[in-house]
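Here's a quick briefing to read alongside the model. Have the sequence and the 3D view open and click through the residues as they come up.

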Amino acid sequence: MRNLYWLTEAQMECLRPYFPKSRGRARVDDRRVLSGIIFINRNGLRWCDAPSEYGPPKTLYNRWKRWSDMGIFAQILMGLAEQAPDNKTISIPSHRNCVSTAGQWTPPTSKHIVRPPACG
C-alpha cells in the first residue's frame, strides 16, 4: 500500500470558495489534483515522479502553474490565515511533524504553530 496524501472532503469544502470558475470543459477532479500537488511539494518530487493515482503529471503541473500564475494558492493561504486567531498564522499538519502513539495521530505541540478554527 502506498503512503499517499488525500485531502478530506471537509478540507475541500474549506478550499472550494477560492477555486476559479471552470470555463468550457469541466475540470478534472479537484481533490485528486490538489492532493497530488500537495504530495509532490511535501515530498520534493519532480512532476514526472507523481504517483499515477493523482493522474497525469502534466495535469498536476498545468493546474499548479495556472493557479500559481493566477494567485489562487496565495489567496487560499491568505484566506486560511484570516481565519486564524492572530489573523496571520496557519498550520498545515503533516505526518512528518506529528507524533504517532499506538497508531493514533497526535497534533504537534510546538507553541509556534497556530491552528485555524474549523471551517463551516
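What follows is a short tour, from the overall layout to the core, a few individual residues and a pocket.

This is a predicted model, so treat everything below as computed from it. The chain has four helices and two strands, and they run in the order α-α-α-α-β-β along the sequence. Of the 120 residues, 28% count as buried.

**Overall layout**

- If you look at contacts with a sequence separation of 6 or more, 55% of them join residues 24 or more positions apart.
- The accessible surface of the chain adds up to about 8300 Å², and carbon and sulfur atoms make up 55% of that area.

**The nonpolar core**

- In soluble globular proteins, nonpolar side chains tend to be buried together.
- The largest nonpolar core here holds 19 residues, and the ones touching the most other members are Leu7, Leu15, Phe19, Leu34, Tyr54 and Ile76.
- Two or more residues of this core come from each of α1 (9-15), α2, α3 (57-69) and α4 (72-82).
- Which helix gives the most to the core? That's α2, with five residues.
- Leu34 is worth a click: beyond its neighbours within four places in sequence, Leu34 is in contact with Leu7, Met12, Phe19, Trp67 and Phe73.
- Over in α4, the buried residues are Ile72, Ile76, Gly79, Leu80 and Ala81, and their cover includes α1 and α3.

**Buried residues with polar or charged side chains**

- Ser35 sits in helix α2, which spans residues 30-43. Is Ser35 buried or exposed? Its relative accessible area is 0%, so Ser35 is buried, given that the cut-off for buried is under 20%.
- Leaving out residues up to four places away in sequence, Ser35 touches Tyr5, Trp6, Leu7 and Tyr54. Two of these names will look familiar, since Leu7 and Tyr54 are also on the list of core residues that touch the most other members.
- Arg63 belongs to helix α3. With 2% relative accessibility, Arg63 falls under the 20% cut-off and therefore counts as buried too.
- What does Arg63 touch, once residues up to four places away in sequence are set aside? The list is Arg27, Val28, Asp30, Val33, Ile37 and Phe73.
- Phe73 shows up for Leu34 as well, as one of its contacts.

**Partly exposed residues**

- Glu53 is in the loop between α2 and α3. At 34% relative accessible area, Glu53 is partly exposed, because that value lies between the 20% and 50% cut-offs.
- Glu53 and Leu4 are 49 residues apart along the chain, yet their C-alpha atoms are separated by 8.6 Å.
- Leu4 is also among the contacts of Glu53, along with Arg2, Trp6 and Arg32, not counting neighbours within four places in sequence.
- Tyr61 is another residue of helix α3. Its relative accessible area of 33% makes Tyr61 partly exposed.
- Tyr61 pairs up with Trp47 in space: the two are 14 residues apart in sequence and 6.5 Å apart, C-alpha to C-alpha.

**The second largest pocket**

- Rolling a probe the size of a water molecule over the atoms shows where empty space is left.
- The second largest pocket has a volume of about 410 Å³.
- Its lining takes in 14 residues, and the ones nearest the centre are Ser22, Arg23, Arg25, Arg27 and Arg66.
- How does the lining of this pocket divide? There are five nonpolar, three polar and six charged residues.
- Arg27 links this pocket to an earlier stop, as Arg27 is one of the residues that Arg63 touches.

Terms used: Residues are numbered from 1 along each chain as its sequence is written. This is a predicted model: local features need pLDDT of at least 70, side-chain atom pairs count only at pLDDT 80 or more; totals for chains, interfaces and linings use all residues. Side-chain values use heavy atoms; hydrogens and water are left out. On a 1 Å grid over the protein atoms alone, a cavity is a set of points where a 1.4 Å probe fits but cannot get out, and a pocket is an open set with protein on both sides within 12 Å along at least five of seven lines; lining residues have an atom within 4 Å of a point. Grid points are joined across faces, edges and corners, and a volume is the space filled by probe spheres set on the points. Ala, Val, Leu, Ile, Met, Phe, Trp, Tyr, Cys and Pro count as nonpolar, Asp, Glu, Lys and Arg as charged, and the others, Gly among them, as polar. Buried means under 20% relative accessible area, exposed over 50%, partly exposed in between (1.4 Å probe, protein chains only). Contact means heavy atoms within 4.5 Å. A nonpolar core is a set of buried Ala, Val, Leu, Ile, Met, Phe, Trp, Tyr and Cys residues joined through side-chain atoms within 4.5 Å. Accessible areas come from the Shrake-Rupley method with a 1.4 Å probe; for residues, only the protein chains shown count as cover.
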